[in-house]
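Biologist: I'd like to learn how to read a model like this one, feature by feature. Could you walk me through it?

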Amino acid sequence: MTLRLGYGTNGLTDLRLDDALGLLADLGYDGVGLTLDHMHLDPLAPDLAERTRQVARRLAGLGLGVTVETGARYVLDPRRKHGPSLLDPDPDARAARTALLVRAVEVAAGLGAHAVHCFSGITPPGTPTDTAWQRLAEALAPVLDASDRAGIPLAIEPEPGHLLATLADFHHLRTLLGDPAPLGLTLDIGHCQCLEPASPVDCVKEAAPWLRHVQIEDMRRGVHEHLPFGDGEIDFPPVLEALAATGYAGLTVVELPRHSHAGPELARSSIDFLRRATGTTDGAAPC
């Protein structure tokens, strides 16, 4: 069993996308978690189709796999972080987020991506929990239809503070939607350490049947802060061993969105750390 390592472009926002991809290939990464944003493949740009074709050629030329991520902070609204969300009280606002995710699926198809990542959003104040879940289910329906047509899974991420925050919440959504085939899971290893009742190793084992995307970084219990490896509390070798044992074939993407100022150095130190944690050497595939 092998793990395929990637690095998220949301941690390389000070680099041009072509330069970021070249850096990751030179460092020996297998792929990239590509966040659609104004500086890296803007999903609202009029030349999106041509730019997608250019990026697809660049990825192929470098031998990089890709997962499309949709966590850009201000891509839809310059004043509201991650707004509007799939839970917004305004139906038109929810529809704007749904349309962005459908477009992300189309971009993913053009890139040959392994999955499209998303998250639920924070429950707006005064919104009953049942109403929030219903909004989420309805807003995701067109995205799941697009994913089904494209043959690319939608991998929703449990995010601390969001409506869908835990693995238990993922299973609630899965049941609410009738367990649709395109719906999968993004598992963030740091989030497991932050708030899941089970250990990161046990979370990996529990999540295995639904894993479509994995994000990884260090973190401390009860503190949602993405940290470079070694700055948190996670014991990584058993986590990586458990992940490899699941047979998961997608990318395991380093997620350091607040560290772009040191992105190139952290990309290098992160892959070195993960290779040591898996007992591999430079140029060898982690297993």
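Biologist: Let's start with empty space inside the protein. Which residues line the largest cavity?

Modeller: The general idea goes like this: rolling a probe the size of a water molecule over the atoms shows where empty space is left. Keep in mind that this is a predicted model. Here the lining of the largest cavity consists of Thr70, His82, Ser85, Leu86, Arg97, Leu101, Cys118, Phe119, Ser120 and Gly121. By type, that lining splits into four nonpolar residues, five polar ones and one charged. The space inside comes to about 70 Å³.

Biologist: How many cavities of 30 Å³ or more does a search of the whole structure find?

Modeller: Two. The second largest has a volume of about 40 Å³, and its lining is Pro158, Ala165, Leu167, Leu187, Asp188, His191, Cys192 and Glu196. Strand 6 (183-188) and helix 6 (189-195) each contribute at least two of those residues. This lining has five nonpolar residues, one polar and two charged.

Biologist: Back to His82 for a moment. What is its phi?

Modeller: When you read backbone angles, look for a positive phi on a residue that isn't glycine. His82 is such a case, with a phi of about 60 degrees. You'll find His82 in the loop between strand 3 and helix 3. At 21% relative accessibility His82 counts as partly exposed, because the buried class stops under 20%.

Biologist: And Leu41: buried or partly exposed?

Modeller: Buried, since its relative accessibility is 4%. Leu41 also has a positive phi, about 55 degrees, without being a glycine. Its loop runs between strand 2 (31-35) and helix 2 (48-62).

Biologist: Which peptide bond should I check for cis geometry?

Modeller: For that you read omega. The bond from Gly83 to Pro84 is cis, with omega near -15 degrees. Pro84 sits in the loop between strand 3 and helix 3 (91-111).

Biologist: Next, rings. How many aromatic pairs turn up in a search of the whole structure?

Modeller: Five. For each pair, read the distance between the ring centres and the angle between the planes. Tyr7 and Tyr29 make an edge-to-face pair, 5.8 Å centre to centre with 70 degrees between the planes. This pair ties together distant parts of the chain, 22 residues apart: Tyr7 is in strand 1 (residues 4-8), and Tyr29 is in the loop between helix 1 (17-27) and strand 2. Both Tyr7 and Tyr29 are buried. Phe229 and Phe236 are edge-to-face too, at 5.1 Å centre to centre and 90 degrees between the planes.

Biologist: Which cluster do Phe229 and Phe236 belong to?

Modeller: Ring pairs join Phe229, Phe236 and Phe273 into a cluster. Phe229 counts as buried because its relative accessible area is 13%, and Phe236 because its value is 1%.

Biologist: What does Thr67 touch?

Modeller: For contacts, set aside sequence neighbours up to four places away. Thr67 then touches Val32, Gly33, Leu34, Ala113, His114, Ala115, His213 and Leu251. Thr67 lies in strand 3 (residues 65-69), and with a relative accessible area of 0% it is buried.

Biologist: Last one: how far apart in space are His172 and Ser260?

Modeller: Compare the sequence gap with the gap in space. His172 and Ser260 are 88 residues apart in sequence and 35 Å apart C-alpha to C-alpha. His172 is in helix 5 (residues 167-176), and its relative accessible area of 39% makes it partly exposed.

Definitions and conventions: Residues are numbered from 1 along each chain as its sequence is written. This is a predicted model: local features need pLDDT of at least 70, side-chain atom pairs count only at pLDDT 80 or more; totals for chains, interfaces and linings use all residues. Side-chain values use heavy atoms; hydrogens and water are left out. Helices (H or I, at least four residues) and strands (E, at least two) are DSSP runs, numbered from the N terminus. Buried means under 20% relative accessible area, exposed over 50%, partly exposed in between (1.4 Å probe, protein chains only). Contact means heavy atoms within 4.5 Å. Rings of Phe, Tyr and Trp (its six-membered ring) pair if their centres lie within 6.5 Å; planes under 30 degrees apart count as stacked, over 60 as edge-to-face and the rest as tilted. On a 1 Å grid over the protein atoms alone, a cavity is a set of points where a 1.4 Å probe fits but cannot get out, and a pocket is an open set with protein on both sides within 12 Å along at least five of seven lines; lining residues have an atom within 4 Å of a point. Grid points are joined across faces, edges and corners, and a volume is the space filled by probe spheres set on the points. Ala, Val, Leu, Ile, Met, Phe, Trp, Tyr, Cys and Pro count as nonpolar, Asp, Glu, Lys and Arg as charged, and the others, Gly among them, as polar.
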